[in-house]
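Visitor: I'm new to this one, so could you walk me through it? I'd like to hear the reasoning behind each label.

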Amino acid sequence: MMATFGQRLRDIRTNNNLTQKEFAKLFKVSESAIGMYERDEREPSYKLANEIADRFEVSTDYLFGRANDPAQFHPNLSFFGGPKGWTEDELEEAEAAVRRYREMKERAAREAEKNK
C-alpha cells in the first residue's frame, strides 16, 4: 500500500525536525491545517503541495504517495525504461554516444575560440 499525503507530510516534517507550528509558519498556513493534512482530513491546494515539494526537494508524486522515490528529477532515459533495465551492450552504446557528444561540444568550443 502506498503512503498517503498525510503520512508523507508528517515524515518530511519530522525528518527535518520541525514542529507542526514551525512547518505551518514556513508555508503561511495554520498549525491546525498541518494537523488536518497529516491526519488526511484535508487536502492541500496545488500551490501548497508544489511549495512543499520544492522546499524539501521531493516530487509531488512522492508527496501524494504515487511514487516511493522522493527524488524530483531522474537523469535517465525513462522513455526506454531507464538504464536499470538496459543490457550491457545498451549501456556501452549510451556511454559511447555521450562521449561522442562531449567531444563534438569540445571541438565546437575550440573552433569558436579560434574564430574570435
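Visitor: Let's begin with R66. Why is R66 called exposed?

Guide: R66 has a relative accessibility of 63%, and the cut-off for exposed is over 50%, so R66 counts as exposed. Keep in mind that this is a predicted model.

Visitor: What makes R66 and D61 a salt bridge?

Guide: The closest N and O atoms of R66 and D61 are 3.0 Å apart. The limit is 4 Å, so the pair qualifies by definition. D61 itself comes out at 35% relative accessibility. Exposed needs over 50% and buried needs under 20%, so D61 is called partly exposed.

Visitor: How many salt bridges turn up in the whole structure?

Guide: Seven of them. One joins the side chains of R13 and E38, at 2.5 Å from N to O. That pair ties together distant parts of the chain, with R13 in helix α1, E38 in helix α3 and the two positions 25 residues apart.

Visitor: Why does R13 count as buried?

Guide: Buried means under 20%, and R13 has just 10% relative accessibility, so R13 counts as buried. Its partner E38 is buried too. Leaving out residues up to four places away in sequence, R13 touches L18, T19, Q20, F23, I34 and E38.

Visitor: And what covers the buried residues of α3?

Guide: The cover includes α1, α2 and α4. The buried residues in α3, which spans 31-38, are A33, I34, G35, Y37 and E38.

Visitor: How do you know that E51 and K47 form a salt bridge?

Guide: Their closest N and O atoms are 3.7 Å apart. The limit is 4 Å, so this pair passes as well. E51 and K47 both sit in helix α4, four residues apart, or about one turn of the helix. In general, an α-helix has 3.6 residues a turn, so residues three or four places apart point the same way.

Visitor: Is E51 exposed, partly exposed or buried?

Guide: Partly exposed: its relative accessible area is 31%, and that label covers values between 20% and 50%. K47 reaches 60%, so K47 counts as exposed.

Visitor: What makes N17 stand out?

Guide: N17 has a positive phi of about 55° even though N17 is not a glycine. Most residues other than glycine have a negative phi. N17 belongs to the loop between α1 and α2, and at 68% relative accessibility N17 counts as exposed.

Visitor: Where is E57, and what is its phi?

Guide: E57 is in the loop between α4 and α5, with a positive phi near 50°. At 60% relative accessibility, E57 counts as exposed.

Visitor: S59 is in the loop between α4 and α5 as well. Why is S59 called buried?

Guide: The relative accessible area of S59 is 13%. Buried means under 20%, so S59 gets that label.

Visitor: Which residues form the negative surface patch?

Guide: E88, D89, E90, E92 and E95. Take D89, which lies in helix α6: its relative accessible area is 59%, so D89 is exposed.

Visitor: Last one: how many helices and strands does the chain have?

Guide: Six helices and zero strands. Of the 116 residues, 25% count as buried.

Notes: Residues numbered from 1 in each chain as written. Predicted model: local features only at pLDDT ≥ 70, side-chain atom pairs only at ≥ 80, totals over all residues. Heavy atoms only, no water. Buried < 20%, exposed > 50% of the residue type's maximum accessible area, 1.4 Å probe, protein only. Contact = heavy atoms within 4.5 Å. Patch = residues over 30% accessible without salt bridge, like charges linked within 9 Å, V, L, I, M, F, W, Y side chains within 5 Å. Areas by Shrake-Rupley, 256 points an atom, 1.4 Å probe, with all protein chains shown as cover. Lys, Arg positive; Asp, Glu negative; His and termini not counted. Charge placed at Lys NZ, Arg CZ, Asp CG, Glu CD.
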